[in-house]
Each structure stands twice: as C-alpha cells, then as structure tokens.
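Me: Could you take a close look at one helix in this model and walk me through it? I'd like one connected account.

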Amino acid sequence: MLGLTARPFGDIIYASKKFASGEFSYRINVNASGELKKLSETLNAMAEEINAKMKELEFRRQELEAVFASMTEATIVVDKRGNIAAMNSSAERIFGLMVGDASGKSLIEIFRNAELSVMASEAVSSGKPVSRELEILTP
C-alpha cells in the first residue's frame, strides 16, 4: 500500500520542481484517484494557465519592443531612481549613444541637462509620462 501512494507523490513533487523551474508545458500523469487525482488535475490546470499567461506576456513584450524600436522620437525609459533602463534607436542615433553605454547611469550623468533630469523626476513621482520639447546640445 505504501508503494502505491508514494509513486503519485513522487510524480507530483517532480512536476512541482518542473513548474518551479519554468517548465509549464510539463503535465502530471498520475493514475490515482481521490485527492491525489484532484491535486494533479489542479496543478496541471495551474501550469496550463501560467503557460498561457507567459506566452501572452511574451507576445506583449515583443509587441511593445517593436513599437519602441520603430518610434521616430527619441524615447528614454528610466527606472524609479532616474537611471536609464532603455532607449530606442532614435535616441541612440540623435544623442550618439549606445544603450549599453548609458544603461544604469543617471540622466544627468549622461546628458548633463538639469531640465531633462527634472522631467524624469516628475514622471517617476507622478507615475505618468512627461513630454516636453528640450534643447539638448550634443557633441
């Protein structure tokens, strides 16, 4: 009797580890009944739902990335501390920067423009985009 109930638990534990490592396409094949069957079905349904959400998020990320890359306006994304998190190719071209060189650095450090830094602070504190025309001199 012990061997018959230990195997389904082992299968469930194995599947849980697969799910924890991000393998949400894995499914539990438990030939059990009662509570173990319900648990297996629930975990499989959860993994299926997470897998679908992950695919949707990846699609949205790619969609946003495409829009971001195709924008003609220079667009710079900053984190909560005002450090550069991303910039599109227009920003790279206009300012003569590479995102790798600017990533993680503060706007003031890269652009030496107090007004730009103030704009970023406004956006971070309000949680809303800030748009203004600025004159930034580049070498």
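Reply: Happy to; here is a look at helix 6 and its surroundings. This is a predicted model, in which local features need pLDDT of at least 70 and side-chain atom pairs count only at pLDDT 80 or more, while totals for chains, interfaces and linings use all residues. Residues are numbered from 1 along each chain as its sequence is written, and side-chain values use heavy atoms, leaving out hydrogens and water.

Helix 6 covers residues 114-126; helices here are DSSP runs of H or I with at least four residues, strands are runs of E with at least two, and both are numbered from the N terminus. Its 13 residues should span 18 Å at 1.5 Å a residue, and the end C-alpha atoms are indeed 18 Å apart. The expected span is 1.5 Å times one less than the number of residues.

Which residues of helix 6 are buried? They are Leu116, Met119 and Ala120, where buried means under 20% relative accessible area, exposed over 50% and partly exposed in between (1.4 Å probe, protein chains only). These residues lie on the same side of helix 6, because they cover an arc of only 95° around the axis, taken from the directions from the helix axis to the C-beta atoms. An α-helix has 3.6 residues a turn, so residues three or four places apart point the same way. The buried residues of helix 6 pack against strand 1 (76-78) and helix 5 (107-111), with contact meaning heavy atoms within 4.5 Å. On the other side of helix 6, Ala114 and Ser125 are exposed. Just after helix 6, Gly127 takes a positive phi of about 75°.
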